[in-house]
Amino acid sequence: MHDEQRSDGSVVPTKASNDGARAPEETAEGRDPAKENTREQNAARAQNRIAAQRALDRVREAAKKDKKVKFTSLLHHVTVDRLREAFWPLKRRAAPGVDGVTWDAYAVDLEARLQDLHARVHRGTYRAKPSRRVYILKSDGRERPLGVAALEDKLVQKAISEVLGAIYETDFLGFSYGFRPGRGQHDALDALATGILRKKVNWVLDADIRGFFDTIDHGWLVKFIEHRVADKRVVRLVQKWLQAGVLEEGKRFETDVGTPQGATISPLLANVFLHYVFDLWAERWRRRNARGDVILVRYADDFVLGFQHETEARRFLLALQERLRSFGLALHEDKTRLLRFGRYARERSAARGLAKSGTFDFLGFTHVCGTSREGKFVLLRHTVKKRMRATLKAIRQALLRRRHLAVAEQGRWLAAVVRGYFAYFAVPSNGRRVSSFRYEVTRAWLRALRRRGQRGRMTWARMTRLASRWIPLPRISHPHPEVRFDARIQGRSRVR
């Protein structure tokens with residue numbers, strides 16, 4: 001206890017502060033704080049997190065209330081606590097950026113490092129580092145460039161993403177699904193399937209923007225950010241990341257356009273860019289120009305539209321090409337198609353002596369017009385063949401690298417891989433493909449075990465017993481798309 005003097009001169013006893021200092025009894029006895037008191041620091045951090053979340057909630061409410069308001073003070077939301085929360089979820093074994101700093105190295109004296117980073121950000125002395133460019137192999141055999149950001153850049157980008165996300169999540173439209181909290185690939189797939197099944201869709205436009213992340217115009221992007229953000233410090237941070245460049249084979253290259261794929265901030269910036277370039281424009285075009293049904297689903301730079309009338313679909317395609325061209329973008333000619341698809345596509349194609357309706361790929365699934373046993377239209381979704389072949393190839397190569405391990409260890413690894421595959425692809429109407437995947441994985445494991453040079457040759461009968469023990473059986477784990485879509489929207493606006 002100690003005394004505190006009031007403004008009127010009286011003195012009252014007060015309790016000692018419990019803000020992390022040692023209690024007086026513990027100090028007098030020369031011992032460490034009691035075990036129960038170790039929660040005090042965590043409680044303070046929890047309170048800080050709650051306060052920070054409430055502050056972003058106020059930003060979110062203000063953005064939702066007034067769609068034209070510009071936020072003049074946002075950087076104070078980038079706190080040490082927010083930077084710390086951005087640090088812990090990072091992958092510990094992730095490749096380092098150009099500075100070579102790893103997660104484990106940064107974790108040493110973490111609090112001092114975060115305090116220093118926070119101070120540099122707010123003083124304006126923080127400098128973004130160029131991304132280290134690496135290439136990954138795509139399923140079609142081509143290479144995709146990725147930018148590996150420095151660890152501190154990841155932390156600041158994550159914090160800024162949360163702050164900007166509180167604003168833009170109130171602006172983004174319902175048919176945008178890519179890289180948004182609470183929305184995933186299956187949500188986009190459900191919306192598309194429900195729209196095709198319930199709306200008068202006869203034509204589908206499957207569109208893809210050529211090299212989108214590599215061709216985003218920095219000038220336009222900054223203008224779009226400034227529609228809602230008037231805090232020049234935040235805008236300068238975005239500009240620093242855009243202009244940081246890339247480092248490849250020891251040489252630094254300036255970047256006048258594009259955002260590095262793999263950067264934490266890139267998905268949000270891409271959604272902001274397409275929100276103004278495509279989403280708002282497409283929604284306005286649908287209201288003003290379409291007389292028939294039109295559905296839209298966008299996941300990042302990959303989007304699918306359904307039309308009732310062919311003439312409207314072709315007019316939209318021409319208008320879309322012109323719209324993208326004015327912002328320095330272009331459709332990928334090989335990946336953009338307009339095809340007859342939907343409930344009446346098969347009958348109308350047959351009546352006109354045309355070939356059967358086409359198919360299109362979206363988010364790993366080939367969409368096919370089918371019929372039920374009763375002759376009714378059904379939408380079939382199968383795993384894209386080249387995606388399945390690429391996955392199986394990767395598994396075969398990994399098994400060859402692991403064939404020296406114990407069979408049980410290989411089995412546990414394969415079980416995790418197959419469960420992850422089923423978790424995404426085990427949708428209704430795809431049972432045959434997932435069963436085929438399990439069979440091919442079993443065959444690949446058999447070949448890998450036979451190459452170990454065992455005395456007793458691995459037989460198929462023995463392999464079947466091993467597979468039944470370790471490799472999960474295929475089971476449809478997703479509900480029908482309309483059921484999950486209705487449960488998600490819960491009475492809100494239907495498919496539009």
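Two residues are in contact when heavy atoms of theirs lie within 4.5 Å. The model used in these exercises is predicted.

**Exercise 1.** Find what share of the contacts between residues at least 6 apart in sequence joins residues at least 24 apart.

Solution. Start with the contacts in the chain whose residues are at least 6 apart in sequence. Among these, 69% join residues at least 24 apart.

**Exercise 2.** Describe the chain by its secondary structure and by its buried share.

Solution. Step one: the secondary structure comes to 18 helices and 13 strands. Step two: the chain has 496 residues, and 44% of them count as buried. Step three: the area that the chain exposes is about 26,900 Å², with 50% of it supplied by carbon and sulfur atoms.

**Exercise 3.** Locate Asp301, decide whether Asp301 is buried or exposed, and list its contacts beyond four places in sequence.

Solution. Asp301 sits in the loop that runs between β8 (294-299) and β9 (302-307). Its relative accessible area is 15%. Buried means under 20%, so Asp301 is buried. With neighbours within four places in sequence set aside, Asp301 is in contact with Ala207, Asp208, Ile209, Phe212, Phe213 and Leu274.

**Exercise 4.** Place Lys335 in the chain, classify its exposure, and name the surface patch to which Lys335 belongs.

Solution. Lys335 is found in the loop between α12 (310-325) and β10 (337-340). Its relative accessible area is 34%. Partly exposed covers values between 20% and 50%, so Lys335 is partly exposed. On the surface, Lys335 gathers with Arg144, Lys386 and Arg387 in a patch of positive charge.

Note on methods: Residues numbered from 1 in each chain as written. Predicted model: local features only at pLDDT ≥ 70, side-chain atom pairs only at ≥ 80, totals over all residues. Heavy atoms only, no water. Patch = residues over 30% accessible without salt bridge, like charges linked within 9 Å, V, L, I, M, F, W, Y side chains within 5 Å. Areas by Shrake-Rupley, 256 points an atom, 1.4 Å probe, with all protein chains shown as cover. Salt bridge = Lys/Arg side-chain N within 4 Å of Asp/Glu carboxyl O. Lys, Arg positive; Asp, Glu negative; His and termini not counted. Charge placed at Lys NZ, Arg CZ, Asp CG, Glu CD. Helix = DSSP H or I, 4+ residues; strand = E, 2+ residues; numbered from the N terminus. Buried < 20%, exposed > 50% of the residue type's maximum accessible area, 1.4 Å probe, protein only.
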